[in-house]
Amino acid sequence: MAGIRVTEVDWQWPRNGAAHHTQEYPGPELVVRRGQMFTFMLELNCALDSKDTLIFTVETGPQASEALGTKAVFPTSELEVGNAWTAVRAAQKGKTVTIKVTSPPDAVIGRYRLSARLSSRRKHSDRKLGEFVLLFNPWCPEDDVFLASEEERQEYVLNDSGIIFRGVEKCIRAQGWNFGQFEEDILNICLSILDRSPSHQNNPATDVSCRHDPVYVTRIISAMVNSNNDRGVVQGQWQGKYGGGTSPLHWRGSVAILHKWFKGRFKPVKYGQCWVFAGVMCTVLRCLGIATRVVSNFNSAHDTDRNLSVDKYVDSFGRTLEDLTEDSMWNFHVWNESWFARQDLGPSYNGWQVLDATPQEESEGVFRCGPASVTAIREGDVHLAHDGPFVFAEVNADYITWLWNEDDSRERVYSDTKKIGRCISTKAVGSNSRVDITGLYKYPEGSRKERQVYCKAVRKLFGVEASGRRARVRRGGGRGLWRDDLLEPATKPSIAGKFKVLEPPMLGHDLKLALSLTNLTSRAQRVRVNVSCATILYTRRPVAEILRDSQAVRLGPEEERKIPITISYSQYKEDLTEDKKILLAAMCLVTKGEKLLVEKDITLEDFITIKVLGPAMVGVAVVVEVMVVNPLLEKVKGGMLMVEGSGLLQGQLSIDVPSLEPQERALVQFNITPSKSGLRQLQVDFVSPQFSDIKGFVIIHVATAK
């Protein structure tokens with residue numbers, strides 16, 4: 001601006017931050033949300049004439065253009081104009097001009113360059129004023145990501161910590177997770193994830209122009225959080241061996257992972273499993289302004305051949321035959337849901353959308369999943385974009401057990417067909433409670449509506465009519481697909497069985513259980529009971545067999561009999577994985593050829609307590625006291641506490657724990673100095689080379705300094 005120069009720009013950080021709910025971002029650039037006015041002040045070297053009009057230009061990405069929606073040129077005017085970039089000259093006091101700029105609610109999100117010139121100086125180039133970051137806006141009714149509830153916006157956009165539910169269906173455990181979307185450099189890293197995607201590398205201008213659409217952005221992030229097709233953020237590992245990297249269970253949040261990826265020049269971080277992928281994706285999407293939550297599905301199907309059944313092959317001891325079993329049922333699987341409108345599908349499918357960054361199956365040639373409308377999954381509309389069949393199977397597939405005989409024949413074994421998709425869980429809004437959202441994904445098992453939806457899904461997937469809940473398209477001989485019109489369930493045997501835990505299964509202790517068998521008839525029966533036990537990963541993949549036993553049992557008429565089973569610590573300690581899971585199986589062979597498979601997944605329990613000794617206040621040190629217990633029947637040396645919490649301490653803290661005798665308890669104290677007010681999550685893990693991490697967390701209410 002020849003003659004007139006901008007000498008200073010005041011971005012009005014406190015004012016804009018409060019109005020746009022972006023005050024937690026650390027800067028240095030201004031962060032605002034689309035579809036909403038923001039204010040800045042220009043200090044000039046001389047006063048503007050009332051006739052002078054300022055013309056602003058905003059640009060984002062390379063080769064920015066108005067045609068692609070990545071560039072806009074707009075003058076100051078008296079009024080805001082519809083769905084477009086507008087600038088209003090709100091006030092002028094001497095050489096200071098106040099400008100109010102409003103972006104359209106469907107603007108491309110990302111880092112913008114802002115420049116200006118005087119309308120009377122067309123021949124002169126624009127003066128660069130600086131950069132700002134534009135995010136999605138769940139507070140704007142015209143934005144596709146609009147979420148009406150303020151409580152939900154606080155939880156799903158602004159909460160920088162959360163809870164991920166893990167374990168098994170009958171023993172669900174809460175694990176804290178530090179999302180940390182407002183930590184130093186995280187916003188910049190999240191924008192870099194978009195720029196590192198193959199779509200951007202291949203055609204950057206077009207890629208950036210699509211970033212107005214949450215469907216597009218979330219699908220890109222789903223692919224980029226895993227490293228399978230690109231130099232994405234996290235490398236998966238499910239073999240129980242984590243050499244050259246970090247065990248998935250050692251991560252306490254997303255911040256360290258994202259920093260490591262960025263500082264390592266985009267080299268994938270080793271290693272992650274489903275909850276790590278979901279935790280990182282939740283951080284990225286909340287950071288970009290999309291309401292997102294973490295969801296856990298217990299007994300989750302991985303249906304590799306997409307035939308709506310998980311076919312498990314076992315031997316006469318109930319042990320999984322891995323070379324024959326392509327499908328799997330994980331103890332739990334964790335994914336994300338994000339809230340936005342589906343302009344591509346229609347308003348019926350607005351709301352929560354499933355997104356899954358865990359690399360399980362390819363979608364259009366890339367390891368990613370979603371967004372799949374939760375409503376579409378519940379209604380059986382599996383033909384709709386994206387990846388509906390896979391998600392539908394995760395919560396609806398049948399669990400079918402086959403006994404593989406020595407002559408290579410197979411026969412159906414009675415098992416529970418309602419196992420898949422149980423206790424679908426997420427953290428409650430405003431509290432640490434678990435909320436069961438299974439009803440959002442499917443109608444009640446066995447209901448008429450559930451059968452109708454199932455038949456609809458089969459029709460859309462395979463182009464065939466399902467004549468009942470059991471109709472299946474199944475794998476023939478392990479290869480290809482073939483139709484079996486009425487696949488009848490295995491005959492219900494004349495005995496019933498169940499494993500019962502006699503004492504809480506504690507890490508480091510012997511496990512005491514009983515197999516309870518009941519004769520359902522009025523005649524005596526003989527049963528051959530083959531019991532096996534293995535340590536497993538949370539995917540139910542066996543690691544090592546730790547028990548095998550066979551015995552003949554006589555059951556009198558309608559008799560219930562308990563067969564005691566003890567698994568000593570010495571039997572499992574060498575082969576227990578960090579998941580701390582054990583699978584018991586009993587194949588019960590009745591004299592008339594009936595077969596019953598009884599299974600029990602056990603997660604070993606541990607113990608840690610965390611107390612804050614006194615009120616917590618910003619800028620004031622407070623003492624935290626942690627009680628740990630040596631869970632083993634042997635001495636433990638070299639233990640440490642690993643501590644993390646956004647707004648409570650910078651980075652991570654490690655504290656030595658003294659040597660502990662068998663079963664000994666110890667109190668460890670340390671100080672933290674909170675830097676942010678509000679509800680804050682402190683995570684404390686007890687780490688030892690002799691057992692897997694014992695994880696705990698506590699929510700601390702931090703008051704503002706007086």
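The legends below describe views of a predicted model of one protein.

**View 1. The whole protein, with its 13 helices and 41 strands.**
The radius of gyration is 29 Å, close to the 27 Å that the globule rule gives for 706 residues, so the protein is as compact as a globular protein of that length. Along the principal axes, its C-alpha atoms fill a box of roughly 105 × 65 × 40 Å. Of the contacts with a separation of 6 or more, 68% join residues that are 24 or more positions apart.

**View 2. The surface and the charges of the protein.**
About 28,400 Å² of the protein is exposed, and 49% of this area comes from carbon and sulfur atoms. Buried residues account for 57% of the 706 residues. The protein has 89 positive and 85 negative charges, and the mean positions of the two sets lie 1 Å apart.

**View 3. Residues 266-359, a span with a domain annotation in UniProt.**
The unreviewed UniProt entry lists this span as "domain: Transglutaminase-like". Helix makes up 16% of residues 266-359 and strand makes up 41%. The C-alpha atoms at the two ends of the span are 18 Å apart.

**View 4. Four residues that UniProt gives as "binding site".**
The residues named in the unreviewed entry are Asn396, Asp398, Glu445 and Glu450. They span 55 residues in sequence, yet no two of their C-alpha atoms are more than 13.4 Å apart, so the four gather at one spot.

**View 5. Asp398 and Glu445, two of the "binding site" residues.**
Asp398 belongs to strand β21, which covers residues 398-404. Its relative accessibility is 1%, and because a residue under 20% counts as buried, Asp398 is buried. Glu445 sits in a loop, with α11 (438-441) on one side and α12 (448-462) on the other. Glu445 has a relative accessibility of 30%, so this residue counts as partly exposed; that class lies between the 20% limit for buried and the 50% limit for exposed.

**View 6. Thr76 and the residues in contact with it.**
Thr76 is part of strand β5, made up of residues 71-77. At 13% relative accessibility, Thr76 counts as buried. Apart from neighbours within four places in sequence, Thr76 is in contact with Thr53, Leu54, Phe56, Ala87, Arg89 and Ile99.

How values were computed. Residues numbered from 1 in each chain as written. Predicted model: local features only at pLDDT ≥ 70, side-chain atom pairs only at ≥ 80, totals over all residues. Heavy atoms only, no water. Helix = DSSP H or I, 4+ residues; strand = E, 2+ residues; numbered from the N terminus. Rg over C-alpha atoms; globule rule 2.2 N^0.38 Å. Buried < 20%, exposed > 50% of the residue type's maximum accessible area, 1.4 Å probe, protein only. Contact = heavy atoms within 4.5 Å. Areas by Shrake-Rupley, 256 points an atom, 1.4 Å probe, with all protein chains shown as cover. Lys, Arg positive; Asp, Glu negative; His and termini not counted. Charge placed at Lys NZ, Arg CZ, Asp CG, Glu CD. UniProt positions renumbered as here; feature names shortened; annotations may be inferred.
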